[in-house]
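The following questions and answers examine a single protein chain, moving from its aromatic residues to its strands and its overall makeup. Each answer closes on the value or name requested.

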Amino acid sequence: MKGLLLTTGALAAALSLAVGLNGALAANHSPGRAAKVAVTSSGLGRVLVDRRGHTLYLFEKDRNGRSACSGKCATFWPPLITSGKPRVIRGARASLIGTTKRADGRLQVTYNHHPLYTFVKDTKAGQTNGEGVAAFGAEWYVVSTAGHKIDKDSSGGGGGY
């Protein structure tokens, strides 16, 4: 009987962990609703952000509107996923928003044909810790309201993963 209680407790702990991880993924990827892209002011100027105010990035390795970031890359740079037509709010341009289908079938939001990502080290709204980082074969940049990379003076460089 004691073994059964320990097994049940371990199962409950594992289930709790799985539910918590799924909740964290849901918060990052906003499944079940259309993603929103907005504009905010930052130390880099006016930049794109998601519905939580987290900075959006482009990856220079992406080509022809298709994402080149998957697996471990997408763990550090979560793609902005949408379940429907993405929307723009607060200054973003509706004519530049779109989607691209990822290898796993999900829709990733694009802006000016650049797939959009957040960065795991941006834990608060407005942070731009991913600007100029070289990782996974190319550099990452914050996206301007015109849909272009913001290339700050890269004298500090950035670490890779």
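Q: Are Tyr57 and Trp77 buried or exposed?
A: The model is a predicted one. Burial here requires a relative accessible area under 20%. Trp77 has a relative accessibility of 0% and therefore meets that cut-off. Tyr57 falls in the same class as Trp77, and both residues are buried.

Q: Which kind of aromatic pair do Trp77 and Trp140 form?
A: Planes under 30 degrees apart count as stacked. For Trp77 and Trp140 the angle between the planes is 0° and the centres lie 3.9 Å apart. Trp77 is in the loop between helix 2 and strand 4 and Trp140 is in strand 10, so their pairing ties together parts 63 residues apart in sequence. The pair is stacked.

Q: What is the geometry of the pair formed by the rings of Tyr57 and Trp77?
A: A pair of aromatic rings is described by the distance of the centres and the angle of the planes. Seven aromatic pairs are counted in all. In the pair of Tyr57 and Trp77, the centres are 5.4 Å apart and the planes stand at 80°, so the geometry is edge-to-face.

Q: Which element gives the largest share of the largest nonpolar core?
A: This core has 17 residues, and those touching the most other members are Tyr57, Phe59, Cys69, Trp77, Tyr117 and Trp140. Two or more residues come from each of strand 2, strand 3, helix 2 and strand 10. The largest share, three residues, comes from strand 10.

Q: How many residues make up the second, separate core?
A: In soluble globular proteins, nonpolar side chains tend to be buried together. Val37, Leu56, Val109 and Leu116 are included in this second core, which is separate and numbers 15 residues.

Q: Is Lys61 buried, partly exposed or exposed?
A: Lys61 is placed in the loop between strand 3 and helix 2. Beyond its neighbours within four places in sequence, Lys61 contacts Ala68, Phe136, Gly137 and Ala138. The C-alpha atoms of Lys61 and Phe136 are 8.6 Å apart, although 75 residues separate them along the chain. Because its relative accessibility is 39%, Lys61 counts as partly exposed.

Q: Which residue in strand 7 is the bridge partner of Ile97?
A: Strand 6 and strand 7 run antiparallel and are joined by five bridges. They form a hairpin with five residues between them, where Gly105 in the turn has a positive phi of about 90°. The bridge partner of Ile97 in strand 7 is Tyr111.

Q: Which residue in strand 8 stands opposite Tyr111?
A: Strand 7 and strand 8 pair in the antiparallel sense over two bridges. Their hairpin has two residues between the strands, and Asn112 takes a positive phi near 55°. Opposite Tyr111 in strand 8 stands His114.

Q: How many of the five residues of strand 7 are buried?
A: Strand 7 also pairs with strand 4, in the antiparallel sense and over two bridges. In that pairing, Ile81 stands opposite Gln108. Strand 7 spans residues 107-111 and is mostly covered, its buried residues numbering four.

Q: How many strands are in the chain?
A: Along the sequence the pattern is α-β-β-β-α-β-β-β-β-β-β-β-β. The chain has 161 residues, of which 37% count as buried. Alongside two helices, the number of strands is eleven.

Technical notes
Residues numbered from 1 in each chain as written. Predicted model: local features only at pLDDT ≥ 70, side-chain atom pairs only at ≥ 80, totals over all residues. Heavy atoms only, no water. Buried < 20%, exposed > 50% of the residue type's maximum accessible area, 1.4 Å probe, protein only. Core = buried A, V, L, I, M, F, W, Y, C linked by side-chain atoms within 4.5 Å. Contact = heavy atoms within 4.5 Å. Pairing = 2+ DSSP bridges. Phe/Tyr/Trp six-rings, centres within 6.5 Å; stacked < 30°, edge-to-face > 60°.
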